[in-house]
Amino acid sequence: MVTLSNVTRRLGPGVVFQCLAFHAEPGARVALWGPSGCGKSTLLNLISGLLRPHAGAIVVDGVDIAKLSEAQLDGFRGERFGFIFQTFNLLAPFTALQNVMIGMRFADVVPAREWRDRAVAMLKRVGLEHRLHARPATLSVGERQRVAIARALVNRPRVIAADEPTGSLDPKAAAAVMDLLLELCEEEKVTLLLVTHDRTIADRLPEMFSCHDLVKEAAT
Amino acid sequence: MSLWHIAWRYLWNRKLTTVLTILSVALGVGLIVSVLTLREETQRRFEQEGQAFDLVVGAKGNPLQLVLSTVYFLDVPTGNIKKDMLEALRGMEDVEGAFPVAMGDTFRGFRIVGTTLDLMRFAPGGQQPYALAEGRYWERSMEAVLGAQAAEESGLRVGDTFKSTHGFVQMPGAEVHDEVYTVVGILARSGTPNDRAIFCGIGSVWDLHTHYDDADGDAPGDHHPEDEVTAVLVKLASPALRFEYRDKINRNYNAMAAIPVQEIQKLYDQLLGTAKAVLLAIGYLVVVISAVSILIGLYMSILQRRRDLAIMRALGATRGEIFGSVLIEAFWVTLLGIAAGQVLGMTVCAALGHYLTQRLGFHLSAIVWSPDLVSALSAVLLMGMVAGILPAWQAYRTDVARDLAEP
C-alpha cells in the first residue's frame, strides 16, 4: 500500500532527511512514534505528498508519487488521502457540514449532488448530527476533531494521515477520538498512518515504528 | 460549495474590512457615474431641445448667448433686431416656420416671452411642448400662459393676475410694471425650458415697453418696440440647410444667425469637456486608490489565512483553484463596489436632476447606460481584478507543509 525506499530530502543548509525503507500493507494501522523533532511529521508529509523528496521512491497504492506532476499530485492527494491534524485545521468561516463538504469539493471524487447527504451521514457517524451548522469556534475541541475525522473519511480515501490527532485533547477526549478513529478505519478498510509522540496512543495501534528506526536526519 | 461561495464566505468573515473596501470603490464609481450620467444627460437634453429649431436669428454678439437666452431662457439676450428680419426670413424659400420672440421682463425669475400663437402650435418631432393643461391661449393683450413649473412655483392659477418686473435679473428695487397680466392658460409639463417660461402675445411686450419707454423720458417716436423683436426661431425644410442659411444671413443681414445644436456642442466640447475630464480624473484616482486598498486588504487577508489555504491544498485544491478563489474575492469586492457606486451615482444624479429641473426645466434621467459609462465600469472591474492578482499569486505560492506546521 505504502512503500518508501531510499527517500531523502534536504531540510536546510547541511541537513538531510533520510528514510531508507518503510512499508505498510493495505488496511494496516501503523503508529509512527517518536519525540518531537525526530522527523516523523516530515515522513508523513512526504508519504502524503505535502512534501516532495529530492531522491528515492514513494509508492502509494501502486503509484510513485515522486514522479507525479504538481497537478497530478494535487488530484492524487485529494482522492487517496484523508488528513487529520493536531490543531484540527477546520476552516473557521464554514460550518461543520460545510467543512466536511469542502473535503469533497476539492477532492473531486464524489458527485456534487451527493456532497450534502454524504457529509450529513458522516457527521452522524461521528455523533455530530446535532452540530451540523455549528461553526468551529462554537465546537468543543473533541467535537472539532470529530469533524476533522469526518472530513478525512468522507471521500473514502485509501490512506489516513493523522499527525498527532490527540495532541490537543485531554486524555478522556483523546481516548474517545482514538476509539472512533480506529473503529472507522476498520469499517472503511483504510490504511491509517498515525504520528504521535505519546507512547500510550502508539500502543493502541497494531503496528508501531519508532522514528529512530525509520528516519535519519544527518548533517552533510 | 463553489469557489464563488468559498470566496464569499471569506469576505463575509471579515465584514468590516470588506464593507470599507467596497465603500471606497463605491465612492470612485459614484463620482464617475455622476459625472458621465450628468454630462450625457444634460448634453442629450440640451441637444434635444436645440434640435427643435434649426436657427436662431438675433442681434449680433455671442452666438452661444443668443442660443442660451432664446431657446433655453438662461442668459441675457444679445439685443433686439428689426422686425424686417422676421419678414425677410418668412420670405425665404426653405423657411418652414419663423417664430418671433420678444423678451424684457420676468415674473419671480420666470422669463416672460412674447411670441405668436404659431409657436404654441409648433410640434417639433411630433412632440407638443406647448400643449395646454388647462385654460386657453391668449386672445388679447396682457393675457399670459404659464409653463407648468412657473405655475407650480408661483402658485398662480387660471384667472389670477400678476405684474411683471423689468429686466432679467431679480434684484431689490427692480422696476415693476403697472400693467397687469391675467393668466388664461397653463401648459402641460413638457420637461423642457418651456416649463419655466411665461408666454404671451408679442403685442403685450410691445405695449408694455412702449409705456415703459415713455415713462423713461424717451420722446415718443424715438423708440418703437413694435418695430423690433429679440430673436426669431427658425425651422428650415431640412437640417442639412442649417449651415447654408446661417452663412447667408450672417453675410447679408444686420443680424446674427446661430445653430443651437452646434453652439451647445461647442459649449460641451470646449468648456464642459475640460470640467468632465477633471472630474473623471478625480473619479479614476479614487478608483485607483480603492484598487490599492483591495490589494492591501486581500494581501493581508492571505497572510492571515495561509493555514486555511494550506488546508485546502492538502484537501486536494489545485494551485489554480486557490489563485482563482482569491481573484474571485477581488471580483466580488469590485462588483459590489460598482453596484453600490452605481446606486450612489444615481442618487446624486437624481438629486442634481431635481435641481436642474428647477433651474433649467429639463427632466434628466438618473439611469443612463452610455457606452462611456459601460467602458468606465468595465475599466474599474478590470482594475479591481488586477489588484487581486498579487494576493492571488501569494496564495498560489502557498507552501503547504510549512504553513500547516506553523502554530
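## A walk through a predicted two-chain model

Arg105(A) is buried, with a relative accessible area of 14%. Keep in mind as you read that this is a predicted model. Arg105(A) makes a good starting point for a tour, beginning with the helix that holds it.

### Helix 3 of chain A

Helix 3 of chain A covers residues 96–107. Are its residues buried or exposed? Here 12 of the 12 residues are buried, so the helix is largely enclosed by the rest of the structure. Among these buried residues are Ala96(A), Gln98(A), Met101(A), Gly103(A), Arg105(A) and Phe106(A).

You can also check the length of this helix for yourself. At 1.5 Å a residue, its 12 residues should span 16 Å, and the end C-alpha atoms are 17 Å apart, so the two values agree. Just after helix 3 of chain A comes Asp108(A), which has a positive phi, near 60 degrees.

### Where the two chains meet

Side chains of opposite charge can pair when their charged atoms come close. Arg105(A) gives us an example: its side chain meets that of Glu321(B) in a salt bridge, at 3.1 Å from N to O. Looking at all chains, the structure holds 31 salt bridges. The pair we just met joins two chains, because Arg105(A) lies in helix 3 of chain A and Glu321(B) in helix 11 of chain B.

How many salt bridges are there between chain B and chain A? The count is four. Between the two chains there are also seven residue pairs in polar contact. Which elements of chain B give two or more residues to the side that touches chain A? They are helix 1, helix 10 (306–314), helix 11 (319–360) and helix 13 (400–405). Sorted by class, that side of chain B has 12 nonpolar, five polar and six charged residues.

The size of an interface is often given as the accessible area lost when the parts come together. For chain B and chain A, about 2200 Å² is buried between them, with 62% of it on carbon and sulfur atoms. On the chain B side, Met1(B), Arg9(B) and Leu315(B) lose the most area to chain A, together making up 31% of what that side buries. As for numbers of residues, 23 from chain B and 26 from chain A take part in the contact.

### Salt bridges side by side

Here are three salt bridges, with their N to O distances.

| Arg residue | Acidic partner | N to O distance |
|---|---|---|
| Arg105(A) | Glu321(B) | 3.1 Å |
| Arg136(B) | Glu139(B) | 3.8 Å |
| Arg306(B) | Asp403(B) | 3.4 Å |

In the pair within chain B made by Arg136(B) and Glu139(B), Arg136(B) is partly exposed at 29% relative accessible area, while Glu139(B) counts as exposed at 58%. Next, Arg306(B) lies in helix 10 of chain B and Asp403(B) in helix 13, so their pair ties together parts that are 97 residues apart in sequence. Arg306(B) is partly exposed, with a relative accessible area of 23%, and Asp403(B) counts as buried at 3%. Elsewhere, salt bridges that share partners join Glu70(A), Asp74(A), Arg77(A), Arg313(B) and Arg319(B) into one network.

### Loops and a strand

Now for some loops. Arg14(B) sits in the loop between helix 1 (3–13) and helix 2 (15–50) of chain B. Its relative accessible area is 18%, and because the cut-off for buried is under 20%, Arg14(B) counts as buried. The side chain of Arg14(B) reaches the backbone oxygen of Tyr10(B) at 3.4 Å. Farther along the sequence, residues touched by Arg14(B) include Gly297(B), Ser301(B) and Glu329(B).

Two other loop residues have a positive phi near 55 degrees without being glycine: Asp61(A) and Phe73(B). Asp61(A) is in the loop between strand 4 (55–60) and strand 5 (63–64) of chain A, and is partly exposed at 24% relative accessible area. Phe73(B) is in the loop between helix 3 (63–70) and strand 2 (81–82) of chain B, and counts as buried at 13%.

Our last stop is Gly135(B), found in strand 5 (residues 132–135) of chain B. Leaving aside neighbours within four places in sequence, Gly135(B) is in contact with Val158(B), Val184(B) and Gly185(B). How far apart in space are Gly135(B) and Asp178(B), C-alpha to C-alpha? They are 24 Å apart in space and 43 residues apart in sequence.

Technical notes:
Residues numbered from 1 in each chain as written. Chains lettered and ligands numbered in written order. Predicted model: local features only at pLDDT ≥ 70, side-chain atom pairs only at ≥ 80, totals over all residues. Heavy atoms only, no water. Helix = DSSP H or I, 4+ residues; strand = E, 2+ residues; numbered from the N terminus. Buried < 20%, exposed > 50% of the residue type's maximum accessible area, 1.4 Å probe, protein only. Polar contact = N/O pair within 3.5 Å; in protein donor to acceptor, adjacent residues only side chain to side chain. Contact = heavy atoms within 4.5 Å. Buried area = accessible area lost by both parts, 1.4 Å probe. Nonpolar A, V, L, I, M, F, W, Y, C, P; charged D, E, K, R; others polar. Expected span 1.5 Å × (residues − 1).
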